[in-house]
Amino acid sequence: MPVTTDRSTGTREFDALIIGAGFSGLYQLHCLRDRLGLSAQVLETADGVGGTWYWNRYPGARCDSESHSYAYYFSKEILEEWEWSERYPEQPEIMRYLNYVADKLDLKRDIRFNTRVASARYDEDANRWRIATETGEQYAATYLITAVGCLSSANIPDIPGLDSFAGDCYHTGQWPHQGVDFTGKRVGQIGTGSTGIQAAPVIAAAARHLTVFQRTPNYSVPAHNGPLSDDFKRYMREHHDEIREVMHSTPNGHPFRIADRNVADVAPEERLAIYEKAWEIGGLRFRAAFRDLLLDKAANDTAAEFLKNKIRSVVEDPETAEKLANIDHPYAAKRPPIDTHYFETFNRNNVSLVDVRAAPIERITPSGIVTADGEYPLDVIVFATGFDAMTGPLLGIDIEGRDGMTLKDAWSAGPKTYLGLAVAGFPNMFTVTGPGSPSVLCNMPVAIEQHVEWITDCIAHMRANGINRIEADPEAMEKWVAHVNDAANATLLPSVEHSWYLGANVPGKPRVFMPYAGGMTRYRAVCDDIAAKGYEGFRKSGNHQDTGRNGSTVGDFAPAAAIDTPGV
Ligand code: FAD
Ligand code: NAP
């Protein structure tokens, strides 16, 4: 319910507006409405909750985080009531989960669906954010929280002739709710990231023929998905606190610890045995075999070689195997996919692989895709081509802060934030999982719960202390940006030129390493420390009795050398 509706303008007035009804927006609404007692409204483009899981309904879509960790941990009751069925839940199961949470907490009554936010403008005189939707509805609030997701802005490459294609085209992140029937169809799939690697085996099983257009070959580790045993379900029910403790004390927020050993600590035969065991366990746990895989190229080379040999041992046709194994980046320096029979799919006689790095896609015609090697006739094109990650959804809204400064201008050379949570010049605006936060390098629900709780505590602090306005100090923000760069540069992550972490997948996007690679544990400690010091590095104004220091008094966050194993 709005606090009031301005009769002359029709503006609906709230304490807080939240954009997005995925994992982040749902929890943010619960915190602000039910814990702080604020009037709060979520605005959401989709006609239901779920965010990522509402949009990504492509064949094979499922979680890469293990089910017992891909969940909210703030409510013991929710943890006890919900039971996951598989090691990695499929998209419909996650949608059921998020709907269950939204219904249990009675959130939907304060979510306005089918409502895309087009613009948000800070009105300095009124100290209010004024929001307009695509259809012209007006909202206003003191606090604006963007929970728009890191991976919610589909990236469809601008390939000449795309509009002329006579068949059907789909982006995996905008998949039709009624599904797609591939029976008897010649399907072309562009993209071999986490999505393409999940989708290809399932599409191949249904289609007449699948052609995979691969630009960058990729590693993948078998997920070894399967139903959860009764024993494991009991373990999950009885050990929430221990599981949470592990997730909160590892850099990447997953429910397992990264081994405390370097590759060089073990002899080659033992190393191989460790990799074999990690391969058998499967999933993202492979990455936990050694501490230094993302810190030391020589260490990483050993994992890379092991995984390339696995590809060669699975794929029967040597030429196809070499195209798949011709990987030019360190393992896990791009988001590492996990799969169910991805490489085996290339042993099917209805699947072929096209190397579009060797022979680039030139154009799309009414009947198919043309590369430098000729035309591939198709009935359907699937774009598994990823997202305009992290900045795309935020810059998709026309956001204007203090003194007419737009977010587009503020980020023209790449995004800058303080902690990934706030931007100088944009008072009382909070960005859940913004650039500069660990977010995508972490098991995301862990990061999301931390962000949302920190924002909630900050707003509670403001209200308790008569602070009307809070804004990141430009100098503190620059220090954080420098720290984000240092953290990335201490790892192998920025060494990959064709990584979406750097924005390289979107033509014209500034090349800036966007997520915080210093690990979730360190990040949480920094955020807690800043809050404990009265929100150090923020400018505050109002009638406050605040004891915290205004402005850019923040110290150094951590020397680059101290960055331990990063997320992923
Ligand atoms: P989202 O779920 O993206 O929700 C954002 C919402 O904001 C969307 O519903 C969108 O419609 C809405 N929105 C955006 N802009 C506007 C606007 N202008 N107006 C109104 N509404 C707007 N993470 C993991 O940790 N583990 C995984 O295994 C994992 N699997 C993934 C699989 C896929 C296919 C993808 C794409 C991502 C995956 N992720 C995974 C990352 C995933 O995005 C997060 O785990 C999490 O779901 C993000 O939640 P969110 O609420 O922050 O954002
Ligand atoms: P992605 O990792 O960005 O992969 C996109 C793929 O499309 C890449 O292979 C890319 O090649 C290719 N591509 C893009 N434009 C192209 C063009 N013009 N021509 C040819 N190829 C092109 O996207 P994604 O696979 O959707 O995954 C994005 C992120 O979402 C993941 O990294 C992960 O964080 C998340 N995700 C998670 C899961 C899960 O956990 N279950 C599943 C799916 C996605 P290049 O590499 O050469 O750019």
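**Close-up views of a predicted model**

**View 1. The β15–β16 hairpin.** Strands β15 and β16 form a hairpin in this predicted model, with two residues between them. The two strands, β15 spanning residues 368-371 and β16 spanning residues 374-377, run antiparallel and are joined by four bridges. One residue whose pairing can be followed here is Thr-371, which has Gly-374 of β16 as its bridge partner.

**View 2. The residues around ligand 1.** The shell around ligand 1 contains 33 residues, and those that come nearest to the ligand are Ser-24, Glu-44, Asp-64, Tyr-70 and Met-444. Sorted by class, this shell is made up of 18 nonpolar, twelve polar and three charged residues. Among the helices, α1 (23-35), α2 (52-55) and α14 (444-464) each contribute at least two residues to the shell.

**View 3. Polar contacts and cover of ligand 1.** Two side chains place a polar atom beside an oxygen atom of the ligand: for Ser-24 the distance is 2.6 Å, and for Trp-55 the corresponding distance is 3.1 Å. The backbone also takes part, as a polar backbone atom of Val-117 lies 2.8 Å from a nitrogen atom of ligand 1. On its own, ligand 1 has 990 Å² of accessible area, of which the protein covers 94%.

**View 4. The largest cavity.** Of the two cavities of 30 Å³ or more that the structure holds, the largest has a volume of about 150 Å³. Its lining consists of 15 residues, and those nearest the centre of the cavity are Leu-79, Trp-82, Trp-84, Met-236 and His-240. Helices α3 (76-81), α6 (230-238) and α7 (240-249) each supply at least two residues of this lining, with α6 providing the largest share, namely three residues. By class, the lining of the largest cavity comprises ten nonpolar, two polar and three charged residues.

**View 5. The second largest cavity.** The second largest cavity encloses about 40 Å³ of space. Its lining is formed by Thr-146, Ala-147, Val-148, Gly-149 and Cys-150, together with Met-390, Leu-394, Val-432, Thr-433 and Gly-434. Six of the residues lining the second largest cavity are nonpolar and four are polar, while no charged residue is found in this lining.

Terms used: Residues numbered from 1 in each chain as written. Chains lettered and ligands numbered in written order. Predicted model: local features only at pLDDT ≥ 70, side-chain atom pairs only at ≥ 80, totals over all residues. Heavy atoms only, no water. Pairing = 2+ DSSP bridges. Near = heavy atom within 4 Å. Polar contact = N/O pair within 3.5 Å; in protein donor to acceptor, adjacent residues only side chain to side chain. Areas by Shrake-Rupley, 256 points an atom, 1.4 Å probe, with all protein chains shown as cover. Nonpolar A, V, L, I, M, F, W, Y, C, P; charged D, E, K, R; others polar. 1 Å grid on protein atoms, 1.4 Å probe; cavity = no way out; pocket = protein on both sides within 12 Å on 5 of 7 lines; lining within 4 Å. Points joined across faces, edges and corners; volume = space filled by probe spheres on them.
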